[in-house]
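User: I want to go through this structure and ask what stands behind each label. Please keep the answers short.

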Amino acid sequence: MTVLRTRGLRKQYGAGAGLVRAVDGVDLDVARGETVAVMGPSGCGKSTLLHLLGGLERPTSGEITVDGRRTDGMGERGLARLRRDRIGFVFQAFHLVDELTAVENAELPALLAGRSPRAARALALELLDRVGLADRAGFLPAQLSGGQRQRVAVARALANEPLLVLADEPTGNLDSAATLDVLRLFDALHRAGQTLVVVTHDPRIAATADRIVEMRDGAFVDQTVLSQLPDLSGSLGAQG
Ligand SMILES: Nc1ncnc2c1ncn2[C@@H]1O[C@H](COP(=O)(O)OP(=O)(O)O)[C@@H](O)[C@H]1O
Ligand SMILES: [Mg+2]
């Protein structure tokens, strides 16, 4: 089953001599439970692509279908609903609310989606447990390490049981130990059947994906299906 499909997806900024073709004709299909890693140099359009997929920005042209529904022509209300009900975002800079504790951050999407405070809290605690932070529920972001903050952000992204999780360089601000924690977490999500699109520079994260797409100048230039490389996945397993 296809969770996400794009055809001829384009996003342009500016005009005339200042025209930027940030996303320039992307055709992408992501099946349920699939993890797709998007790689490519800075400025090639990875973040713009994720923003289009998640309804944070609207395409200049082309089609986006999420769970069988076209989203490219949706209005603000429709897009807000899409983001709230279907999509979990994880950003490089975490984007946690500094004044709220870990559990308060994690429960926000559930509260916004209309869950009762009690149900939202129970869910957030369960998610913090899932990301290995049950004992940090009452901590403020400033009291957490970078890796712990990102794991709170992942818990928050999961609070709506999203059809699709979009992560933009989730380990970009982390040291190597914290990167490993987040790497393991994404791998666990993948194994649990979560559909994921992850923008990353980290070959270890990419190696846990089902497929790696390489972007240059707004377009896909190469795709590697990792399931067709049994030797590679074997050596990764050995690395733990
Ligand atoms: N809001 C914007 N206005 C104008 N240009 C933008 C905007 N956002 C991104 N761009 C340009 O689009 C291109 C792709 O950017 P981005 O998607 O952030 O790349 P990446 O995430 O791969 O580093 C870059 O040339 C960038 O400067
Ligand atoms: Mg980016």
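Analyst: Two residues are in contact if their C-beta atoms, placed from the backbone, lie within 7 Å. By that rule, and leaving aside neighbours within four places in sequence, Gln150 is in contact with Phe94, Pro170, Leu174 and Val182. Bear in mind that this is a predicted model.

User: Why is Gln150 classed as buried, partly exposed or exposed?

Analyst: The cut-off for buried is 20 or more other C-beta atoms within 10 Å. Gln150 has 29, so Gln150 is buried. Gln150 is found in helix α5. Val131 is 19 residues away from Gln150 in sequence, and their C-alpha atoms are 9.7 Å apart.

User: What does helix α5 pack on?

Analyst: First, the sheet itself. Its six strands run in the order β6-β7-β8-β3-β9-β10, with mixed pairing, and the sheet is open. β6 and β10 (219–225) each have a single partner strand, so one side of each lacks a neighbour in the sheet. On average, neighbouring strands are turned by 20 degrees against each other, direction ignored. Helix α5 (residues 146–158) packs on this sheet, touching β6 and β7 (164–168). The direction of α5 makes about 170 degrees with that of β6.

User: How do you know that β3 and β9 pair, and in which sense?

Analyst: Pairing takes at least two bridges between two strands. Strand β3 (residues 35–39) and strand β9 (residues 211–216) have four, in the parallel sense. One of the matched pairs is Met39 with Glu214 in β9.

User: What makes β2 and β5 edge strands in the sheet of four?

Analyst: The order in that open sheet is β2-β1-β4-β5, with antiparallel pairing. β2 (20–31) and β5 (69–70) each have a single partner strand, so one side of each has no neighbour in the sheet. Helix α1 (residues 46–53) packs on this sheet and touches β1, β2 and β4. Its direction makes about 55 degrees with that of β2.

User: How many bridges join β1 to β2, and how many join β1 to β4?

Analyst: Nine bridges join β1 to β2, and the two strands run antiparallel. Thr2 has Ala31 in β2 as its bridge partner. β1 and β2 form a hairpin with six residues between them. In the turn, Gly14 has a positive phi of about 70 degrees. Strand β1 (residues 2–13) is also antiparallel to strand β4 (residues 61–66), with five bridges. There, Arg10 stands opposite Ser61 in β4.

User: What surrounds ligand 1?

Analyst: The shell includes Tyr13, Gly14, Val20 and Ala22. Also among them are Gly40, Ser42, Gly43, Cys44 and Gly45. Lys46, Ser47 and Thr48 belong to the shell as well. The elements that give two or more residues are β2 and α1. α1 gives the most, with three residues. By class, the shell has four nonpolar residues, seven polar and one charged.

User: What makes the phi values of Asp67 and Phe94 stand out?

Analyst: Both are positive in a residue other than glycine. For Asp67, phi is near 55 degrees. For Phe94, phi is near 65 degrees. Asp67 is found in the loop between β4 and β5. Phe94 lies in the loop between β6 (87–90) and α3 (102–112).

User: Why are Asp67 and Phe94 put in the exposure classes they have?

Analyst: Residues with 20 or more C-beta neighbours within 10 Å are buried, and those with 12 or fewer are exposed. Asp67 has 17, so Asp67 counts as partly exposed. Phe94 has 21, so Phe94 counts as buried.

User: Why is Ala207 called partly exposed?

Analyst: Ala207 has 18 other C-beta atoms within 10 Å, so the label is partly exposed. Ala207 lies in helix α7 (residues 203–207). Ala207 and Leu226 are 19 residues apart in sequence, with 7.5 Å from C-alpha to C-alpha.

User: Which residues have the most contacts inside the largest nonpolar core?

Analyst: Ala124 and Ala155 do, in a core of 61 residues. Helix α5 supplies the largest share of this core, six residues. Leaving aside neighbours within four places in sequence, Ala124 is in contact with Val103, Ala106, Glu107, Ala110, Ala155 and Ala159.

Technical notes: Residues numbered from 1 in each chain as written. Chains lettered and ligands numbered in written order. Predicted model: local features only at pLDDT ≥ 70, side-chain atom pairs only at ≥ 80, totals over all residues. Axes fitted to C-alpha atoms, helices over the stretch in contact; angles between N-to-C directions. Near = placed C-beta within 6 Å. Nonpolar A, V, L, I, M, F, W, Y, C, P; charged D, E, K, R; others polar. Core = buried A, V, L, I, M, F, W, Y, C linked by C-beta atoms within 7 Å.
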